[in-house]
Amino acid sequence: MRNILHVDLNAFYASVEQAEDKNLQGKPVAVAGDKEKRTGIILTASYEARRYGIKTGMTIGDALKLCRDLILVKPNFRRYVEYSNRVMDILRSFTPDVEVFSIDEAWLDVSGCEGLFGDGVEIANLIRKKIREELGITASVGVSYCKLMAKMASDLKKPDATSIIDEKDVPKIIWPMPVDELFGVGRRMKSRLNELGIFTIGDLANTPLSLLTNNFGKVGRYYWNYANGIDFSKVESSYDCIKGVGNSITTPKDLVDVKEISEIFMVLAESVGMRLRRMGFEGNVVEVVFRKSSFETIVRRHKVNEYIDTTVDIHREALNLFLKNWDRSKIRLLGIRVTGLKEKQKFEQISLFEDETKKKREKLDMCLDTIREKYGKYSVFRAITMQNDSNKTIRVLDKDEWIPMNSFNKGGGRI
């Protein structure tokens, strides 16, 4: 059986503004146009604002009548796209099978990933934790056997929740819902269905298929299938629309030591480089993100002279860029992102002055990728990612924790 997740970012625009400005946290916030133009529309309202009855699509004037203390923030779409890209990078760190549905929604097919991260619920909880800790926003995640039910599951509990719908749950959870709660049923279709005596999803599921096809043609069959929890559509991941590949990590402690920061950047470069090579891409723009202990977040990017995909090259560019923009304050989050992507050519023009060092780096990465794909993520690792603590216990950094060396499979080595 497939294991499908749907990730829905909660009150996305408003949550991003609250993450960027601590003074907005816990207060009723709405992202909208000019306050003076009271006919403008609310794009997103925070959950604090929603308690007053403020909804998306409401005019600014009506919203202010409900809540005098409502804080209106002008939209910053560039910022929202950056956050969305970083969320999608987090999702792709669990599986390459990610289908972006909108700026704040995506499906994942995590079938076969259970051995690495656990079952669908465990992966959903890891995703929520990673988004919350690294970006300061929240997500609701639906877990199910198909895309449709995963999306409907993500709507069951908000904010910051994981919900599950199994096949056996469809009659109990889905059928009692109003028919317009079904994905794809709009206001006009709801009226037409109501005219046929169909008011709930259960009514639709138990309507003779012939009646629906006679009235709505092929669309009627789709609605009947959806109401009965039938959806065989695949998660369509498309690397053609990917703008960049990245990864970030919340450090287990505030960092000021350059050596420790370099080690973390190597872990991140390893992850980003491997995913670039797996997808057949290379990029010529390196971006770093770092968050200070004061929660101030800095993002800097730099265009390099050539397209790169090797771990060492990504690490070097990211570390240098970070050091140029770091004021020696304590760091609690680090991230790397490679953009300016193009497909890597399988055949390259031979140069009389070929860089042998670069070729060695490429061969080394290819060797490491092959070993990890065959024997697991922790079967081999670089010595720079290891350090000795006061008890001489070797530990290696991965994700959000320091993992004892003895927890790895036997046979793991270092280079």
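At 24% relative accessibility, D160 falls between the cut-offs of 20% and 50% and so counts as partly exposed. This comes from a predicted model, and D160 makes a handy way in. The residue sits in the loop between α7 and β8, and its phi is positive, at about 55°, although D160 is not a glycine. That is worth a remark, since most residues other than glycine have a negative phi, and most peptide bonds are trans. The loop between α7 (147-154) and β8 (162-165) also holds P159. Here the other half of that rule is broken too: the peptide bond running from K158 to P159 is cis, with omega near -5°.

A positive phi turns up again at A11, where the value is near 40° and the residue is, once more, not a glycine. A11 belongs to the loop between β1 and α1. Is A11 buried or exposed? Its relative accessible area is 6%, which is under the 20% cut-off, so A11 is buried.

The two elements on either side of that loop, β1 (4-9) and α1 (12-20), lead on to the packing of the chain. The largest nonpolar core has 30 residues, and the members that touch the most others are L5, V7, L91, I127, I131 and I137. Two or more residues of this core come from each of β1 (4-9), α1 (12-20), α4 (77-92), β6 (105-109), α6 (120-135) and β7 (139-144). Helix α4 gives the largest share, with six residues. For a closer look at one member, take I137: leaving aside neighbours within four places in sequence, I137 is in contact with L9, F12, S15, V16, A19, Y83, V87, I131 and R132. A separate core of 28 residues lies apart from this one, and its members include L268, V304, F322 and W326.

Next come the aromatic rings. A pair of them is described by the distance of the centres and the angle of the planes. How many aromatic pairs does the structure hold? The count is eleven. In one of them, the ring centres of F101 and F183 are 6.1 Å apart and the planes stand at 65°; that angle is over 60°, so the pair is edge-to-face. The two partners come from distant parts of the chain, 82 residues apart: F101 is in strand β5 (residues 98-102), while F183 is in the loop between α8 (170-174) and α9 (187-195). Both rings belong to partly exposed residues, with a relative accessibility of 38% for F101 and 32% for F183. Elsewhere, F12, Y13, F77 and Y80 form one aromatic cluster.

Finally, there is the matter of gaps inside the model. Rolling a probe the size of a water molecule over the atoms shows where empty space is left. Two cavities of 30 Å³ or more were counted, and the largest cavity holds about 100 Å³ of space. Which residues line the largest cavity? The lining is made up of R86, D89, I90, G246, N247, S248, E287, V289, G335, I336 and R337. At least two of the lining residues come from each of α4, β9 (244-255), β10 (281-292) and β12 (331-343). Helix α4 therefore appears in two places, giving six residues to the largest core and at least two to the lining of the largest cavity. By class, this lining mixes three nonpolar, four polar and four charged residues.

Note on methods. Residues are numbered from 1 along each chain as its sequence is written. This is a predicted model: local features need pLDDT of at least 70, side-chain atom pairs count only at pLDDT 80 or more; totals for chains, interfaces and linings use all residues. Side-chain values use heavy atoms; hydrogens and water are left out. A nonpolar core is a set of buried Ala, Val, Leu, Ile, Met, Phe, Trp, Tyr and Cys residues joined through side-chain atoms within 4.5 Å. Buried means under 20% relative accessible area, exposed over 50%, partly exposed in between (1.4 Å probe, protein chains only). Helices (H or I, at least four residues) and strands (E, at least two) are DSSP runs, numbered from the N terminus. Contact means heavy atoms within 4.5 Å. On a 1 Å grid over the protein atoms alone, a cavity is a set of points where a 1.4 Å probe fits but cannot get out, and a pocket is an open set with protein on both sides within 12 Å along at least five of seven lines; lining residues have an atom within 4 Å of a point. Grid points are joined across faces, edges and corners, and a volume is the space filled by probe spheres set on the points. Ala, Val, Leu, Ile, Met, Phe, Trp, Tyr, Cys and Pro count as nonpolar, Asp, Glu, Lys and Arg as charged, and the others, Gly among them, as polar. Rings of Phe, Tyr and Trp (its six-membered ring) pair if their centres lie within 6.5 Å; planes under 30 degrees apart count as stacked, over 60 as edge-to-face and the rest as tilted.
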